[in-house]
Amino acid sequence: MGLSSSSSNAKGTKGIPPGPWNPMTILNIPTSPAENLTEMSHYYGPVFSFRMPGSPLTVVLNNYTVIREALIDNAEAFPTRVTSPLRHSWGIKGRIFYSLGEDQKVIRKFVLDGLKDFQEGILFVKVSEEARHLCEAFDKEKGKGIETTNLLTLASGNIMSILNFGQRYDYNDERILKLMESFDYLHLALKPGNPVQQYPWLYDTFLYRQLKESQEYVKKFIKEEIKSHRATLDPANPRDFIDLYLMRIKGNDPDDLFNYERAWYTIKDVFSSSSNPSAAGLQWMIALVCRHQDMQEKIYQEVQAVIGNERLPAFSDLQKMPFTHAFMMEVLRFRTVVPFGTREVIRDVVIDGYLIPKGSRIYLNYWANERDPAIWNNPSEFNPERFLTPEKKNVVKNKYNIPLGMGHRDCMGQTLANMEMFLFGTNLIQKFRLTFSPDEPEPPLRGICGTVVVCEKFKLCASRR
Ligand code: HEM
């Protein structure tokens with residue numbers, strides 16, 4: 001690979017972080033960003049950098065210590081995410097992902113409060129109902145090969161539809177299928193190293209026509225929902241995030257944070273931050289349950305001991321099911337579904353002794369951290385027991401485990417993500433024995449890496465227990 005010179009030599013630092021200089025190495029990053037950047041970190045160390053001609057320096061932080069040094073010890077230097085064509089075309093005010101200062105605090109609190117209210121209220125019931133719809137869809141196939149990835153994506157997408165639009169959609173509803181497809185495309189198109197990240201002007205060329213079309217579809221879909229919500233809003237009974245948002249609008253001042261024009265992209269951020277990662281987590285969980293039949297049996301035994309067959313799983317059961325809980329934690333470690341966070345640096349800052357100049361772009365490589373041998377014993381092995389106490393009765397948390405990020409922009413949906421994985425997973429395993437379809441190859445563990453690592457499409461057989 002060859003080291004670039006660490007030549008900045010700012011006083012008292014080791015200079016700019018080392019990294020590859022060969023353009024072919026850099027151009028290869030988007031082929032499989034999580035693996036490629038992690039492999040580079042084995043060569044260059046936990047902090048390395050690269051630069052594409054004509055674009056700012058990109059710095060990759062690859063383990064817990066340096067990620068913490070950035071996001072906790074120097075949080076004010078890393079206030080927002082990397083500029084993307086979305087931000088470039090839509091602005092940042094009101095965006096959950098990009099807003100700054102006081103706006104960021106207000107919009108984050110708006111989402112956290114809304115999630116808390118819905119989680120304590122309707123959400124548990126809705127996730128359980130959706131799990132029932134999913135079981136019915138599995139049942140219809142009568143043990144034949146079921147195309148699973150789309151079903152799980154739609155089931156998880158429905159939770160976000162209920163949360164944002166107040167309704168679920170049938171699994172063959174064309175509108176929701178297209179919405180989920182558009183989000184899938186946006187997540188894939190915006191992966192690290194995609195040239196449009198470095199050269200935003202490319203966004204206006206034919207190369208990114210499909211990206212633009214997907215964005216336009218999402219925008220139109222959400223705007224229509226907002227319009228119909230305005231006509232039927234009852235402030236005494238907010239149904240979803242759109243209602244909560246509409247209730248915060250005070251007037252028509254375009255500078256207000258909550259504003260009719262901007263409503264759609266705050267809602268879009270809530271939807272897209274949650275639906276794709278949750279769907280990916282669910283897909284990996286089901287794929288790993290099929291792959292490890294012995295573990296599926298242990299989860300089934302816990303379901304029998306704690307829930308039985310007469311009633312449906314409740315989220316509170318999770319506390320009494322340590323193996324199932326550890327299995328879910330290991331899924332999110334083993335396939336780190338959000339492999340990177342991104343940040344922009346607003347002042348010169350020193351991390352691990354290296355100078356990171358103002359204006360650099362940062363990748364927080366959560367994927368590398370979740371397979372760092374300094375933290376994890378045999379990291380490439382799928383082993384839920386790493387999250388259990390020796391007597392296997394309780395779950396142990398590991399402070400170095402950060403698949404949901406850290407600091408003031410960490411994941412807001414941890415409880416909901418757990419609720420979905422647990423309720424969808426246990427409802428299915430309570431009723432069915434899940435195996436890969438014998439006529440199809442098993443999905444490779446590598447997955448497809450965009451801003452989310454998704455499992456390749458697979459079919460499974462669900463035979464009634
Ligand atoms: C398995 C499921 C999920 C995983 C693995 C996951 C992971 C993450 C990670 C790693 C980040 C931080 C990225 C960074 O450092 O820039 C993040 C941010 C975020 N997540 Fe999740 N997430 C999941 C599900 C959800 C759900 C269900 C919601 C519900 C609304 C949600 C809402 C958010 C939001 C709003 C942010 C942005 C926070 C901010 O910028 O202040 N996530 N997620």
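Me: Which helices each supply at least two residues of the shell around the ligand?

Reply: Helix H5 (101–120), helix H12 (263–291) and H16 each do so. Keep in mind that this is a predicted model.

Me: Which helix gives the most to that shell?

Reply: H12, with six residues.

Me: How many residues surround the ligand, and which are the closest?

Reply: The ligand has 28 residues around it. Ser274, Gly341, Gly405, Cys411 and Gly413 are the closest. By class, the shell divides into 17 nonpolar, seven polar and four charged residues.

Me: H16 came up at the ligand. Which residues of H6 does H16 meet?

Reply: Start with the axes. Helix H6 (residues 123–140) and helix H16 (residues 414–431) come within 9 Å, and their axes cross at roughly 40 degrees. The crossing is right-handed. On the H6 side, the contact has Leu123, Phe124, Val127, Ser128, Ala131, Leu134, Cys135 and Phe138. H16 brings residues including Leu416, Met419, Leu423 and Phe424. The residues of this contact are twelve nonpolar, two polar and two charged.

Me: On to the sheets. How do I read strand pairing, parallel or antiparallel?

Reply: Strands of a sheet pair through backbone hydrogen bonds, in either a parallel or an antiparallel way. Here, an open sheet of three strands has the order E3-E11-E8, with antiparallel pairing.

Me: Why is one side of E3 and of E8 left without a neighbour in the sheet?

Reply: Strand E3 (146–147) and strand E8 (432–436) stand at the edges with a single partner strand each, so one side of each has no neighbour in the sheet.

Me: How many bridges join E3 to E11?

Reply: Two, and E3 and strand E11 (residues 459–464) run antiparallel. Ile146 has Leu460 in E11 as its bridge partner.

Me: What is the strand order in the sheet with mixed pairing?

Reply: E1-E2-E7-E4, in an open sheet of four strands. Its edge strands are strand E1 (47–50) and strand E4 (340–344), each pairing on one side only. From one strand to the next, the twist averages 25 degrees.

Me: How do E2 and E7 run, parallel or antiparallel?

Reply: Parallel: four bridges join strand E2 (residues 58–61) to strand E7 (residues 361–365). Leu61 finds its bridge partner in E7 at Leu364.

Me: Which strands does helix H2 lie across?

Reply: Helix H2 (residues 33–44) lies across E1, E2 and E7, at about 95 degrees to E7. Helix H3 (residues 64–73) also lies across E1, E2 and E7, running at about 120 degrees to E2.

Definitions and conventions. Residues numbered from 1 in each chain as written. Predicted model: local features only at pLDDT ≥ 70, side-chain atom pairs only at ≥ 80, totals over all residues. Axes fitted to C-alpha atoms, helices over the stretch in contact; angles between N-to-C directions. Left-handed = near helix turned anticlockwise from the far one by under 90°. Contact = placed C-beta atoms within 7 Å. Nonpolar A, V, L, I, M, F, W, Y, C, P; charged D, E, K, R; others polar. Pairing = 2+ DSSP bridges. Near = placed C-beta within 6 Å.
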